Every structure is written in structure tokens, then in C-alpha cells.
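Work through the three exercises below with the sequence and the model in view. Each task is followed by a solution in steps.

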There are 2 protein chains.
Amino acid sequence: MKRDVLIIGAGGVAQVVAHKCAQNNDVLGAIHIASRTLSKCEAILETVREKDAMKVEGVLAAHQVDAMDSAAVAALIRETGAQIVINVGSAFVNMTVLDACIETGAAYIDTAIHEDPAKICETPPWYGNYEWKKRDLCAEKGVTAILGAGFDPGVVNAFARFAIDRLDEVKSIDIVDINAGSHGKYFATNFDPEINFREFTGTVYYWEDQQWKETSMFASGRDWDLPVVGTQRAYQSGHDEVHSLATNYPQADVRFWMGFGEHYINVFTVLQSLGLLSEQPVTTAEGQEVVPLKVVKAVLPDPASLAPDYTGKTCIGDLVKGIKDGKETEIFVYNVADHKDAYEEVGSQGISYTAGVPPVAAAMLIASGEWDAGTMKNVEELDPKPFFTILDRIGLPTRIKDDMGDRPWNA
Amino acid sequence: MKRDVLIIGAGGVAQVVAHKCAQNNDVLGAIHIASRTLSKCEAILETVREKDAMKVEGVLAAHQVDAMDSAAVAALIRETGAQIVINVGSAFVNMTVLDACIETGAAYIDTAIHEDPAKICETPPWYGNYEWKKRDLCAEKGVTAILGAGFDPGVVNAFARFAIDRLDEVKSIDIVDINAGSHGKYFATNFDPEINFREFTGTVYYWEDQQWKETSMFASGRDWDLPVVGTQRAYQSGHDEVHSLATNYPQADVRFWMGFGEHYINVFTVLQSLGLLSEQPVTTAEGQEVVPLKVVKAVLPDPASLAPDYTGKTCIGDLVKGIKDGKETEIFVYNVADHKDAYEEVGSQGISYTAGVPPVAAAMLIASGEWDAGTMKNVEELDPKPFFTILDRIGLPTRIKDDMGDRPWNA
């Protein structure tokens, strides 16, 4: 049994995490939030107070920390007494925060793989480049570390596990992520544009015929007929969960598909083709050195600003195919979330909501002991059922669709 | 009779002007070229020597001058003894160079209106904001100043005058500028992107029903069926010559149409919609102040680099409608130029070629006395026939198309 949470980061996802921790502080205990900029943490806690989100009276505190400084994070863990760390800071701080957890014995949860700012798209499996190198150390020290526990990666890994458990043999896992919402702007990214575009400028790795294969962004597209959001075109994209699922289920093909409209692809293609998404500096006629991607980021809307006007729904799910009782079978496990509902509940848009709720469910399962594994785990290596049970209750219900119909996962 | 030429500027158009002056130095005398960067002038003179372009032996000299400094330009005019100044520097130096000509008595030729760098698209008629304010002074001092003597403005003004002279009454002048060439790049502008985009981000003024009307870029498009280049879509754009022609022929509707492909419009629209064509600085997340348009310019190909691979043709002409002998009549006066021919002759692409040849023809007409008006003139106020005669000979032949067929203007 562990208690008291330290949230690392103060962006859109951190805000959702803070609200959800507050709503469940009877289980989670004290809630601390820390980032490089104290005022951002304080602003988030202010929204928690405004919504009167704390279930029971308790600690709600903001801290300043440089998450790239592992010793400083360890000191903060000791100072706060937090036994669970939810890392939703930038993709560049995973390893320093994980090291601080290993150092102090606190449980670690994150929602995306570690990235080196100087490298775009490393060799597969991505987890092997950083996180998994610490797996033996976690086991040796009995430290629980749950990797990629957002929605995708995260809930979709549990969707895969749940479907695979119902089959005798798994043949393929296709993860489909559709945002059918509308923010009303000419163009915007749902996350930090720098991180968002980095996802799409590299090689797209997928797992087929028991080997890594490569394609490029927008090269491989397919229409998907999905519950609630209808027919939507999605394109093979590189994504974290492909790298752990392919390692855990090497017999299955594993692909990730992300939905994009024509307009998004057009704007992306123009910017990419002109060299405006480059992270390499260019020199203007006046001799100023500028990174084009940072200028694009400066002219685009702040992703957080999209929330109030965001309408429509997301549908994210796994189509898992395999053999059951000698017959070809397929199961679609999925969630539908609503942007407007998310904004009303926690002041965030749906994309941040779906990413921020699951790590809180994971923290609650560490608190209850059910997921307190005492070692490093990807989500598909843990029992999905208690995870779904909590997610159903705290805002992200799981449904399944197969030849017996479309229904809640536990109906 | 005037002789000896000083070219101001050292860009792509200046290179064409230098070559054409050299090819006609028996008429024009000494050839001087001056810009802020001496090495650029020297590089141009080097290409003139490489092509062995000088018709007769004579002076060919490079100078350094800040064209924003009128006294420095006047001193250079006196030092070189130049009696004709061809200003093909940036759009921001017209008034200082014109003042130097008025001061020294040298004849002045330019190819585009003066612009204030801080203002995009001033009120019509554009010439009234700067150049025409000096008209009385030119007349008083007997200084010849020929405004807008490139292709458009310039040759197209002479096309209009030529057609109008054949009519009893003019009803409309539609100038159509089609570049049906291909540079083989994903996207590039034919001139300095900063100047190029400034042309398209402001209000589009045109003259109809004896008044100024407004539209916006790409809002008004029409297919034109043209000689050699075939059917091409062109859009109403703001352009200098509309402002002088509407003043000189207020009874006629005057419109300018520029050809754009779907791809150009798409890229332009994306950049414009995102705010990347703004000349107003933005601040990056790291606190750096950057003008987005300057970054776009930095990532686009250097217009001069397009020349070697440019293929295809341009067609620029005037469709003039009116009454002749009581009957509705229309005449299309036009030129077709070839990018590859231009590169082979003077090492430049066709767009620079069509802009750079006409001011040299104008200089030759000042040298011969035919256009040495002793006052300020727009091109339609001068006899077009000797202009066409020289242009036929030095690379830009004029043709007409009417109900009697398609033929040379003087056939």
C-alpha cells in the first residue's frame, strides 16, 4: 500500500492528473505538483480549488523543481514523502525522474517514452533505448515502474491484453486513434507543436511477420468504420505501444493508426516540404539564427487555448484478430470521450483528458496494491480488469464490439 | 542626346540590365553598376565578361553606394558622368535615387513603384503617394523620369497605349501575366519572397465604373485562353500599372490578372493563414524575437538559383476592348518569352529577363532623344512604336491578336 502523489509537469495533461488525483484523494492521500515554473503549478491548483475537486480535506501543494536534475527530484520525493510519482513532464525528463524513484523507492508512472531532444525517432524497440535498461535495477530494488500509462500508450495496451486473454491465439493488433473533434481554428496541434510534429517527421515503425518494418507518415492510410464517430481515415504512425506490444506478443502483427483530415495533412505537408518543421537552425538574410519549428510553434495557437471551444468526440480502440475455438475471431475494444464533457469537468480538452485520467487510475491501483508490481511493467503486462473498473468510474468507460454486439466490457 | 548609364541594384534584374546595356553600349556608352555590396556588382560584371557581351570596347565599372543616401547617389552620378540612371534596386530606394537625378539632371528610369518598408499597400493611385509629387519639379528642371519601365508595369502600359490608339473609344484594359514555366522546386518565388508576398497580402485595388474598387487576393479568378501557353487561370492582383492607366484613361475599366497554379495558392494560403507571412515579429517560447516572413524567406530557394533549371514560357499581354468605327472591338497585345532562352543569353530566368530588358530599351530611347521627355512620364504617355521596335530587336517581340488574326504588331 502506497500513498501520497507527486505530479511532475504543469501542462495540459498535468492539469487533468491534478484534478483526478484531487477527486480521488481519499485513496491517494496528499497531492504535490512540481515543475520548472512554480506559477504554472499554482495556476493548476487554483483550477482544482475553483472546481472544488478535493474529495476529502487534504494536502494540495505546488513545488519548483528542475526535472532534468535527478538529485533535486529525489530530494523533493523525500521532502514530500510521496510514494507515487506521476511523471507527465516533457518527454525529455523520463530517465532523470525514473532514477529519482529508483533512488528513493517511490513508484514511478509515465505516459510516453523518453526522448533525447537531439534525436528524432530512434531504432526499435524504442523502450529498449532507455527505460528497459533500468528494468533489472527496478526488480532488484523492488521499485514499481509502470511505463506508458496514458491512453495511447496505456489504456490501449490494456485493451490489447484484454482481447488477447479472450483468444486462443492472437494474430494482429491494430490500434486506431481518431479525434473527430473540432477546435474551430484554421490549424492547431493538440499537444506542444514541437513534440507533436516530432512524432510525424521520423520513420514509421510497425511490426509484421515477426519483424520490424518501416513506412513514412501518411504513406499508408485506411478508412475505419468506428462506433459513434463513423467512417474515418487513419494513417500508420509511429507510436510507443507498438514497441512494447511487439516485444510481448511477437507472434502478432502490431500497427498504430492515427486519424487525420485532408486539411491537417495539407498544412503539415506544406510546412514539412518547405523545411519549416526542421529543428535545425537556418540563418535569415539579416544574419539571425532561427529554428523554423520554434517559429511555427510561436504562430500556432497554444494547445491549452483550444479547450473552451473544442466540441466533438474521440474514439480510440484496438482491433484484435486471432483464433478462438478454432475460428477466426475479431474484437474491437474501445473508448469514446467527449471534448466538451472534459472541459466542463476539469477545464481541459479531450486529448489531454484521455491522456491524464489513466495514470491516475494506475496510481490508484498502486495505492490499492493491485498494480504495485515491485518491478518495471508495460501496461499489457498487468491485469486490465481492475484498471477498466476504475476507468469506468472516473470518466473513461471501456466498451467492446464483436460478433455478439457492442456493449460494456464487463456486460 | 544622353549617354553613359548608371545601374542601381545588383539582383537578378540588374544582371539582365547590365548584359543588355553591354550588348548596346555603342548607343549607351559607359556602363556603371552600383549597389550596397560591391562584390555583387563585380559578380554581375564577371558574367558580362564571360558572355563577351560588350558590343564595342568601353567602360564597365562596379561601385559601392548606399542608395538610401541621395547625396551619395548624386555624388556617384557626378563622378561617373552618367546621364541615364536605371534604378533596379529595392522598391524602397526610388525616391532617394530620383532625388539624386533631379539634383544632377540625369535621366531616371525605374521598374516599380516606391514602397515604404513599414506600410503594405497604400491608398490608390499608388504613384500619387510618392513619385507624382515630384512631377512638377521634374518639369521645371527639365529632368526626364520614366516611371515603371519594366515589363509589368512598363511594356504592358505601352501595349495599352498602342491598342487604345487604334480605337475610337476604350472601354476596358485587362492586363494578364502568365508564367507557364516550371522551376522544378516544391515551391519558390521568382523575386525576393519578401517583396513577392507583400504584393499579395494587401488589398487588391482595381478601377471600374470610374472608381476604385477593392477585392482580396485569389478572390476573383478567371480562365484565360492565351497564345502559346493555352488556357490558364489568373486572379485579380494589385499592380502598379493599374494606378497610372486608370488615371490616364479614367473612362476605361482597368484590371490586372496574375496566373497562379493551385499548388502556389495552396502553399500561399497555408502560410498566410498560419501568420507565417507576417512582417510583424513574434516571440518564440525561448524569448527570441523573429519576423516570420524572414524565416520563410530563409527556407525558400534563392530566386537566382532557379535560373539554370527553369523551363517553359511566359505570356504577358493586354486585352483592350472598345469601339472602332461604331463596332465593339477587342485587341490582345502580347509577348511570349522563354525561360531557357533567357538563361542561355544572360544567365537569368525569364521573369528577370522580361523585367530587365525594357528599361534598357527605354534608356536607348532616351539616348536617341525619342523618349527624352524632359519631364516625368509613365510609359503609356510615350509613343509605344519606337519602344516595340527596339524590344523586337533586343529580345522581347510584340505581337497582336484581333479579328484579323495573330501577327507581329507592325505586320
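**Exercise 1.** In this predicted model, describe how helix H7 (residues 155–165) of chain A packs against helix H14 (residues 384–394) of chain A.

Solution. Start with the axes: those of H7(A) and H14(A) come within 10 Å and cross at roughly 130°. Angles of 65 to 115 degrees count as roughly perpendicular and those over 145 as roughly antiparallel, so H7(A) is oblique to H14(A). The crossing of the two helices is left-handed. Next, list the residues that meet: A:Val155, A:Ala158, A:Phe159, A:Arg161 and A:Phe162 from H7(A), and A:Pro384, A:Phe387, A:Phe388 and A:Leu391 from H14(A). Sorted by class, the contact of H7(A) with H14(A) has eight nonpolar residues, no polar ones and one charged.

**Exercise 2.** Do the same for helix H12 (residues 339–346) and helix H13 (residues 350–368) of chain B.

Solution. The axes of H12(B) and H13(B) lie 8 Å apart, at an angle of about 65°. H12(B) and H13(B) are therefore roughly perpendicular to each other. H12(B) passes H13(B) in a left-handed crossing. On the H12(B) side the contact is made by B:His339, B:Ala342, B:Glu345 and B:Val346, and on the H13(B) side by B:Gly350, B:Ile351 and B:Tyr353. The classes in this contact of H12(B) with H13(B) are four nonpolar, two polar and one charged.

**Exercise 3.** Is B:His32 buried or exposed, and with which side chain does its own side chain make a polar contact?

Solution. First locate B:His32: it is in strand E2 (residues 31–35) of chain B. Its relative accessibility is 7%, so B:His32 counts as buried. The side chain of B:His32 makes a polar contact with the side chain of B:His63, at 2.9 Å. Beyond four places in sequence, the residues in contact with B:His32 include B:Val5, B:Leu6, B:Ile7 and B:Thr80.

Key. Residues numbered from 1 in each chain as written. Chains lettered and ligands numbered in written order. Predicted model: local features only at pLDDT ≥ 70, side-chain atom pairs only at ≥ 80, totals over all residues. Heavy atoms only, no water. Axes fitted to C-alpha atoms, helices over the stretch in contact; angles between N-to-C directions. Helix = DSSP H or I, 4+ residues; strand = E, 2+ residues; numbered from the N terminus. Parallel < 35°, antiparallel > 145°, perpendicular 65-115°, else oblique. Left-handed = near helix turned anticlockwise from the far one by under 90°. Contact = heavy atoms within 4.5 Å. Nonpolar A, V, L, I, M, F, W, Y, C, P; charged D, E, K, R; others polar. Buried < 20%, exposed > 50% of the residue type's maximum accessible area, 1.4 Å probe, protein only. Polar contact = N/O pair within 3.5 Å; in protein donor to acceptor, adjacent residues only side chain to side chain.
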